[in-house]
Amino acid sequence: MLVLGIESSCDETGIAIYDSQKGLIGHTLHSQIQLHSSYGGVVPELASRDHIKYVIPLIDQLLKNNSTSINSIDAIAYTSGPGLSGALLVGSSLAEALAYSLNIPSIPVHHLEGHILAPLLETEKPSFPFLALLVSGGHTQLIDVKKIGEYNIIGDTLDDAAGEAFDKTAKLLGLDYPGGAALSRLAKKGNFEFELPRPLINSHGLDFSFSGLKTAVLTLVKKQSKLTDEIKANIAFAFQESITDVLVKKTIKGLEETGYKNIVVSGGVGANTKLREKLTFRSELENFKVYFPKLEFCTDNGAMIALAGYLRAHLSSKKNYKFSVKPRWRLSEI
Ligand code: KG4
Ligand code: ZN
């Protein structure tokens, strides 16, 4: 079975083909980061127009690069939420129209399910059940994943998401949007000079809160008479240490509470080297396994949508071609 995956929930147009026998056979991505960077954030109307511009050429290019014809595709998976409604509509209307014209099933996919299942694209796959740490631009969640389609959120952010905290801190340090990766690079040049709070690190539950950390960074920035490159790097270092300490502590607490031995880390912040290092170190020490997607599959991509579509084809593929996007779709509503 060949599944074409289309991701267009935010500022990346991602296309992929997943083969049930061979695994991922190809994927391609167009990022809109440059388009939005001068606005300091994603402009929804520009995002939709850019998806329109790129989605068909990207599909054509991917099919051509893999010597595959559109007629050999057996199903089309696409992100139907959550995300920006206009952007979602581009992918969903194209996917439904293509599926209709080819008389094959269409598979609406939850974007976060795509992220959670992304580590299954790797050769060494986690077995179910596992604990997922989903850390993206809009979400910070600990999810008890019993099987495909059964997701129980056991920890969530009370305010800012981890990626949002990275981006806001990056902005305070004068880095371009989205600053997560740039902040991480800057932190590598920094040293331990400042101590920042580690919100809720010792609290009872598994919830997170990062807005206070961002405010602490703002206060620290304001206190500096001159924000030199060295000070910026040291602030980035302190921020990254704090946020990764909290993420690691809560994840391990989640592991203790579920009794699981496998952790999956996914979403854009899952690309963070410090987070990866700390979790890997603890996993060796405490005898659990941690699975990360490849860096390119941490951030938004079509491969995770094609895979999630394939894995839930038997649950939700349809041939009625009626569709609606779900900009605020909750994982618990799958
Ligand atoms: O999963 P994703 O691509 O989009 C959403 O579904 O939100 O995540 C994007 C987020 C952004 O906030 C970005 O700054 C952050 O992931 N990010 C990183 C890194 N790479 C991307 N944060 C920290 N370190 C990184 N290396
Ligand atoms: Zn995402």
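## Exercises on a predicted model: ligand 1, a helix pair and backbone geometry

A backbone N or O atom of G137 lies 2.8 Å from an oxygen atom of ligand 1, and the exercises start from this contact in what is a predicted model.

**Exercise 1.** Find which residues come nearest to ligand 1, and work out how much of the area that ligand 1 exposes when taken alone is buried by the protein.

*Solution.* Begin with the residues around ligand 1, of which there are 19, and note that G137, D167, G180, G268 and N272 come nearest. Next, look at the individual atom pairs: besides the pair at G137, a polar backbone atom of G180 is 3.1 Å from an oxygen atom of ligand 1, while N272 places a polar side-chain atom 3.1 Å from a nitrogen atom of the ligand. Finally, turn to the area, where ligand 1 taken alone exposes 560 Å², of which the protein buries 85%.

**Exercise 2.** Determine which helices each supply at least two residues of the shell around ligand 1, and how the residues of that shell divide into nonpolar, polar and charged.

*Solution.* Going through the elements in order, the helices that each supply at least two shell residues are α4 (111-117), α5 (162-172) and α6 (180-188). Among the contributions to the shell, the largest share is that of α5, with three residues. Sorting the shell by residue class then gives 11 polar, six nonpolar and two charged residues.

**Exercise 3.** Decide whether α5 and α8 are roughly parallel or roughly antiparallel to each other, and name the residues that make their contact.

*Solution.* In general, two packed helices are described by the angle and the distance between their axes. Here the axes of α5 and helix α8 (residues 229-258) come within 11 Å and cross at roughly 175 degrees. Angles over 145 degrees count as roughly antiparallel, and α5 and α8 are therefore roughly antiparallel to each other. On the α5 side the contact is made by A162, A165, F166 and T169, and on the α8 side by F239, Q240, I243 and L247. By class, the residues of this contact are six nonpolar and two polar, with no charged residue.

**Exercise 4.** Locate the cis peptide bonds that lead into P82 and P178, and state where S67, with its positive phi, lies.

*Solution.* As background, most residues other than glycine have a negative phi, and most peptide bonds are trans. The bond from G81 to P82 is cis, with omega near -15 degrees, and P82 sits in the loop between β4 (75-81) and α3 (85-102). The bond from Y177 to P178 is also cis, with omega near -15 degrees, and P178 belongs to the loop between α5 and α6. S67, although not a glycine, has a positive phi of about 45 degrees, and S67 is found in the loop between α2 (44-65) and β4.

Key:
Residues numbered from 1 in each chain as written. Chains lettered and ligands numbered in written order. Predicted model: local features only at pLDDT ≥ 70, side-chain atom pairs only at ≥ 80, totals over all residues. Heavy atoms only, no water. Near = heavy atom within 4 Å. Polar contact = N/O pair within 3.5 Å; in protein donor to acceptor, adjacent residues only side chain to side chain. Areas by Shrake-Rupley, 256 points an atom, 1.4 Å probe, with all protein chains shown as cover. Helix = DSSP H or I, 4+ residues; strand = E, 2+ residues; numbered from the N terminus. Nonpolar A, V, L, I, M, F, W, Y, C, P; charged D, E, K, R; others polar. Axes fitted to C-alpha atoms, helices over the stretch in contact; angles between N-to-C directions. Parallel < 35°, antiparallel > 145°, perpendicular 65-115°, else oblique. Contact = heavy atoms within 4.5 Å.
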